[in-house]
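Me: I should like to understand the reasoning behind some of the terms applied to this model. Please set each term against its criterion.

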2 protein chains.
Amino acid sequence: MATMAASLRMKTPIQSPTTKTHRANFSPRQSSSMISYKQKPIRRISCALIEPDGGKLVELVVPESQRDVKKREAMDLPKIKLSRIDLEWVHVLSEGWASPLTGFMRESEFLQTLHFNSLRLGDGSVVNMSLPIVLDIDDSQKNRISGSTSVALLDSSDNPVAVLNNIEIYKHNKEERIARTWGTTAPGLPYVEEAITGAGDWLIGGDLEVIQPIKYHDGLDCYRLSPSQLRAEFEKRNADAVFAFQLRNPVHNGHALLMTDTRRRLLEMGYKNPVLLLHPLGGFTKADDVPLSWRMKQHQKVLEDGVLDPENTVVSIFPSPMHYAGPTEVQWHAKARINAGANFYIVGRDPAGMGHPVEKRDLYDADHGKKVLSMAPGLERLNILPFRWPHTTRHSRKWNSLIPPELRISSSFRVPRCGHLQRTGKTHQMDSCALVVGKCWLNTMIVWLQTTLVGSLNPSLLESLTYTNGSVLEA
Amino acid sequence: MATMAASLRMKTPIQSPTTKTHRANFSPRQSSSMISYKQKPIRRISCALIEPDGGKLVELVVPESQRDVKKREAMDLPKIKLSRIDLEWVHVLSEGWASPLTGFMRESEFLQTLHFNSLRLGDGSVVNMSLPIVLDIDDSQKNRISGSTSVALLDSSDNPVAVLNNIEIYKHNKEERIARTWGTTAPGLPYVEEAITGAGDWLIGGDLEVIQPIKYHDGLDCYRLSPSQLRAEFEKRNADAVFAFQLRNPVHNGHALLMTDTRRRLLEMGYKNPVLLLHPLGGFTKADDVPLSWRMKQHQKVLEDGVLDPENTVVSIFPSPMHYAGPTEVQWHAKARINAGANFYIVGRDPAGMGHPVEKRDLYDADHGKKVLSMAPGLERLNILPFRWPHTTRHSRKWNSLIPPELRISSSFRVPRCGHLQRTGKTHQMDSCALVVGKCWLNTMIVWLQTTLVGSLNPSLLESLTYTNGSVLEA
């Protein structure tokens with residue numbers, strides 16, 4: 001760590017803003033260029049990207065010419081209404097993040113996921129698959145489906161989104177699913193409360209045909225690049241290494257240093273053009289995580305300010321919902337990025353972890369994520385880059401030692417210990433606590449932005465920003 | 001099922017008792033022949049037995065010449081006293097049932113077991129390993145060990161049993177271990193209550209050197225053949241297929257039919273001499289299972305009465321403790337038998353399962369065991385023989401359809417629904433209920449023995465035997 005910090009201070013140049021390119025890099029594919037990608041196949045560069053799991057990227061959206069027919073077909077089938085999280089999974093499946101899965105899991109896939117975190121393919125090879133991607137139905141839905149072999153999936157406005165074919169219905173043992181996925185059955189797991197506790201007692205698997213690309217119309221769809229689009233982008237940039245960084249919070253100083261240093265290390269290893277996939281998670285997150293729209297604004301700032309070089313950085317949204325299942329989930333995060341073309345994956349302390357919902361401790365051992373990732377079946381092709389950065393809030397001295405002097409934050413400045421507040425907060429304080437956590441991250445981000453922009457730090461100015469709302473970002 | 005029953009009625013001859021050989025076959029290796037096996041290597045037959053996991057059978061008992069030295073060495077080390085279950089695991093490890101494990105798991109093996117039910121070896125190959133084989137210590141034991149790299153393991157009389165070398169101490173997250181192993185954290189799991197709830201907060205892994213073969217001095221040690229001894233026995237018999245049958249209860253009619261039919265099927269497949277390994281589990285079992293000594297008496301009867309042919313049956317004790325962890329545990333049961341030379345494994349309904357400790361249902365789906373087994377990493381070499389037999393107690397009509405007419409039990413006779421009694425029994429009734437369960441199995445066994453011996457059934461005679469104790473077996 002000390003060595004890295006020293007080499008950083010010596011070698012890492014502070015990027016000057018390169019405002020003329022950042023916009024294009026932040027949203028590399030607008031819809032027009034997406035179409036042009038589909039129309040003109042990209043020339044393969046000599047260093048081919050890592051192969052998707054199963055050898056071929058799964059894409060489940062029906063050709064545009066068949067959409068109307070498929071929609072009419074759907075209207076005649078038994079119907080299942082999707083929750084927001086269900087829709088996010090349809091999105092994930094439709095673009096092949098979970099390749100070679102071709103739809104919601106049947107029982108054989110579900111059992112392999114729960115017990116082995118992996119799937120054995122027909123040829124005997126193994127791909128990683130650690131999270132169940134399943135669709136639940138209740139007794140009455142099951143009865144309505146009756147003898148049908150296909151069902152239609154509807155969005156919240158009752159529009160048909162997809163058809164699920166060759167269906168298989170099997171029991172949904174929620175307790176076992178939760179225990180084997182999270183390693184606990186304690187009440188208060190965010191995904192469980194949102195998507196499992198009230199779910200039906202049956203799961204329905206099958207092969208998906210998705211009627212049209214999933215869109216959310218939230219102003220961020222243009223940032224939601226599919227694995228196929230990301231691969232095209234990496235190829236266009238002649239990337240000979242792609243290193244992915246999953247995050248669900250604003251970029252902080254530690255992240256930025258880590259990503260910069262990773263590129264330096266890859267160059268030292270002989271790669272000519274390592275490209276960073278900065279890949280914020282865009283699906284369901286818990287209430288006290290910073291909302292996606294704010295995170296995206298912050299990521300945009302990071303590129304605008306040139307701290308990450310837009311020339312070799314692609315920012316895009318990963319559409320998966322978040323389980324907070326620690327070592328089990330980090331495998332999913334890594335596996336999905338293989339399908340998007342990444343052959344290096346950065347993993348830090350306690351990935352996808354959270355505090356234990358009942359006990360006063362972290363739910364997972366902070367080192368288990370990277371250990372499990374390095375041993376996971378089906379991820380042998382992926383280069384795992386473990387990294388441990390100190391807590392910004394608890395170990396500010398250690399933290400500061402990583403930061404080049406010209407960017408270093410005065411040690412007299414302390415960000416509130418939000419994690420602590422959150423854990424000790426009573427239920428009725430959770431809302432305000434969530435805001436504090438949000439602000440805490442925003443503080444970190446503001447500190448970092450200010451430091452980068454101004455090159456010096458005024459603690460009293462920062463203090464004054466601490467409890468204003470997030471709109472300071474737009475100032 | 002119907003086909004099999006029909007073919008059984010037509011083809012399966014009723015064995016006449018072959019009393020002259022049964023004794024030798026039931027306990028094929030007395031201590032003298034064990035020694036002769038070690039002194040004279042057995043000639044390999046042309047059809048080699050299946051290779052042990054990792055290519056070489058692990059054996060951890062130090063040579064006799066070094067025992068005294070090792071014992072003195074142990075006395076100078078920090079000491080850990082073993083529970084009965086710990087000792088059973090030392091036994092399991094010492095004989096290579098868990099090959100290629102060379103001792104209690106270190107964290108890397110523990111994590112792979114919890115998450116993947118398998119271990120990746122140095123050469124990239126994968127072996128199955130679904131149950132954590134771990135040794136817990138508490139804070140004060142951890143402190144006493146301090147900087148030592150080895151510890152001595154003592155039995156209940158403080159005799160040194162083994163030395164654990166190159167130790168690694170790591171956290172024992174009991175909740176996560178239980179959730180990932182059993183798929184529930186509900187209170188009342190027998191192994192959890194016996195061995196985990198009160199266990200220390202640390203686990204200690206390392207390489208074992210076992211000072212002398214583990215013996216229990218209960219009159220049954222001669223039946224505890226090691227994998228190496230079993231392999232020698234199968235080779236001596238020129239077995240070209242070995243099919244293992246794990247059980248923790250008396251053999252009942254369904255079992256017997258199943259084993260007989262399996263041999264028939266293997267002969268039809270072209271094997272010349274399939275040998276049955278009838279392999280009762282001998283370690284920890286829950287209070288309401290029939291004790292090992294009674295089960296062994298019953299198994300002996302089965303051979304004496306010639307229902308299983310002693311010429312091609314080896315009865316031996318599997319020293320592992322029982323987890324009752326269903327689909328997770330059945331993998332361990334199968335994997336251990338590979339190490340003993342079995343290349344076929346019979347699996348029935350709900351293997352290693354039990355009732356949910358809190359809810360009124362089975363803990364596991366009755367079909368998951370065989371499904372998980374057929375998909376488990378590291379068990380690809382093993383031929384899984386799934387079989388479903390009806391409950392004796394609940395579906396007597398279906399059950400009867402399997403039984404040749406001359407052995408069939410009158411449908412007016414019903415064995416008490418002990419499972420039901422047990423589940424509805426209040427806590428204070430558990431003891432008597434456990435006895436009922438024991439008797440229930442004994443009833444089944446008595447019915448079966450009587451039917452086999454007499455060739456006809458007298459329900460009133462059976463009724464009179466129902467609530468006498470197990471000593472009728474010796475009558």
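Reply: A residue is called buried if its relative accessible area is under 20%. The model is a predicted one. In strand β9 (residues 274–280) of chain B, seven of the seven residues meet that criterion.

Me: How do you know that the residues pointing either way from β9(B) are buried or exposed?
Reply: B:Pro274, B:Leu276, B:Leu278 and B:Pro280 point one way, while B:Val275, B:Leu277 and B:His279 point the other way, and all are buried. In a regular strand the side chains alternate between the two faces of the sheet.

Me: What makes β8 and β9 of chain B a pair?
Reply: Pairing requires at least two bridges. Strand β8 (residues 241–247) of chain B and β9(B) have seven bridges in the parallel sense, so they satisfy the requirement. One of the bridges sets B:Leu247 against B:Pro280. The chain passes from β8(B) to β9(B) through helix α11 (residues 253–268) of chain B, in a right-handed β-α-β crossover.

Me: How do you know that β9(B) pairs with β10(B)?
Reply: Three bridges link β9(B) to strand β10 (residues 313–315) of chain B in the parallel sense; the cut-off is at least two, and therefore the strands pair. B:Leu278 stands opposite B:Val315 of β10(B).

Me: Why are β1 and β4 of chain B called edge strands?
Reply: Five strands of chain B form an open, mixed sheet in the order β1-β5-β6-β7-β4. Both β1 (79–81) and β4 (136–137) pair on one side only. For β4(B), two bridges lead to strand β7 (residues 202–210) of chain B, in antiparallel fashion; B:Ile137 has B:Trp202 as its bridge partner.

Note on methods. Residues are numbered from 1 along each chain as its sequence is written. Chains are lettered from A and ligands numbered from 1 in the order in which they are written. This is a predicted model: local features need pLDDT of at least 70, side-chain atom pairs count only at pLDDT 80 or more; totals for chains, interfaces and linings use all residues. Side-chain values use heavy atoms; hydrogens and water are left out. Helices (H or I, at least four residues) and strands (E, at least two) are DSSP runs, numbered from the N terminus. Buried means under 20% relative accessible area, exposed over 50%, partly exposed in between (1.4 Å probe, protein chains only). A crossover is right-handed if, with the strands pointing away from the viewer, the path from the first strand over the helix to the second runs clockwise.
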